[in-house]
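Open the model in your viewer and keep the selection tool at hand. The tour goes from the whole chain to the sheet, then to single residues and ring pairs.

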Amino acid sequence: RMKVTVASRSGKKIAVLESLNPNNTIQDVQKELYLARSIQPARQRLTLESGEKGKATVLSSEKKLSDYGLTNDCTIVFKDLVPQISWSTVFVLEYLGPLLVYPIFYMQPWLIYGEVTQPM
């Protein structure tokens, strides 16, 4: 058994997982984190801090803990990827706005500008 501490980038402890061994995969870590904190595995990004110019190593879900050299009392950095919307939704919302607003200005300008007076 090994003790894996999952912490945020600020250092705040999120969970301490004690039911793992070096032959478990990162996917097993994600499942344990889901059981501990109810964060879906698709929303989890787990990394290791490295000394090389501050770049973190992203952990692949297929690899084992031992592949990364993780032993007892190790710390994994967690980032919540929050729910994402698809690019097609962004596209529709971006172009739907002008298509709905322009007819209001054109067809009924008095709703926007008030009472329109006749030119002299």
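Helices and strands here are DSSP runs, numbered from the N terminus: H or I over at least four residues for a helix, E over at least two for a strand. This is a predicted model, so local features need pLDDT of at least 70 and side-chain atom pairs count only at pLDDT 80 or more, while totals for chains, interfaces and linings use all residues. Residues are numbered from 1 along each chain as its sequence is written, and side-chain values use heavy atoms, with hydrogens and water left out.

**The whole chain**

Select the protein chain and colour by secondary structure. It has 3 helices and 5 strands. Read from the N terminus, the order is β-β-α-β-β-β-α-α. The radius of gyration, taken over C-alpha atoms, is 26 Å; the globule rule (2.2 Å times the number of residues to the power 0.38) gives 14 Å for 120 residues, so the chain is more spread out than a compact globule. Turn the C-alpha trace along its principal axes: it spans about 90 × 30 × 25 Å.

Now show the surface. About 9,100 Å² is exposed, and carbon and sulfur atoms supply 56% of that. Areas come from the Shrake-Rupley method with a 1.4 Å probe, and for residues only the protein chains shown count as cover. Colour by burial next: buried means under 20% relative accessible area, exposed over 50%, and partly exposed in between. Buried residues make up 23% of the 120 residues.

**The sheet**

Select the strands. In what order do the 5 strands of the open sheet lie? The order is β2-β1-β5-β3-β4, with mixed pairing. Two strands pair if DSSP finds at least two bridges between them. The edges are β2 and β4 (57-58), each pairing on one side only.

Add helix α1 (residues 26-37). It packs on the sheet and touches β1, β2, β3 and β5. A contact means heavy atoms within 4.5 Å. The direction of α1 makes about 120° with that of β2. Axes are lines fitted to C-alpha atoms, for helices over the stretch in contact, and angles run from 0 to 180 degrees between N-to-C directions.

**Strand β1 and its two neighbours**

Zoom in on β1 (residues 2-7). This strand is mostly covered, with 5 of its 6 residues buried. On one side, 5 bridges join β1 to β2 (residues 13-20), and the two run antiparallel. Look for V4: its bridge partner in β2 is L17. Then find T5, which stands opposite V16 in β2. Follow the chain round the hairpin of β1 and β2, which has 5 residues between the strands. Stop at G11 in the turn, where phi is positive at about 100°.

Now move to β5 (residues 74-80). β1 and β5 pair in the parallel sense over 4 bridges. T5 stands opposite T75 in β5, and V6 stands opposite I76.

**A residue in β3**

Select T47, in strand β3 (residues 44-48). Is T47 buried or exposed? At 6% relative accessibility, T47 counts as buried. Display its surroundings: leaving out residues up to four places away in sequence, T47 touches A56, T57, V58, L59, I76 and V77.

**Aromatic pairs on α2**

Show the Phe, Tyr and Trp side chains. There are 2 aromatic pairs. Rings of Phe, Tyr and Trp (its six-membered ring) pair if their centres lie within 6.5 Å; planes under 30 degrees apart count as stacked, over 60 as edge-to-face and the rest as tilted.

Start with F91 and Y95. Their ring centres are 4.8 Å apart and their planes are at 50°, so this pair is tilted. Both residues lie in helix α2 (residues 87-107), 4 residues apart, about one turn of the helix. F91 is partly exposed, at 46% relative accessible area. Y95 is also partly exposed, at 45%.

Slide along to Y102 and Y106. Here the ring centres are 6.2 Å apart and the planes are at 15°, so the pair is stacked. Y102 and Y106 are 4 residues apart in helix α2, about one helical turn. Y102 counts as exposed at 57% relative accessibility, and Y106 is exposed at 59%.

How values were computed
Buried < 20%, exposed > 50% of the residue type's maximum accessible area, 1.4 Å probe, protein only.
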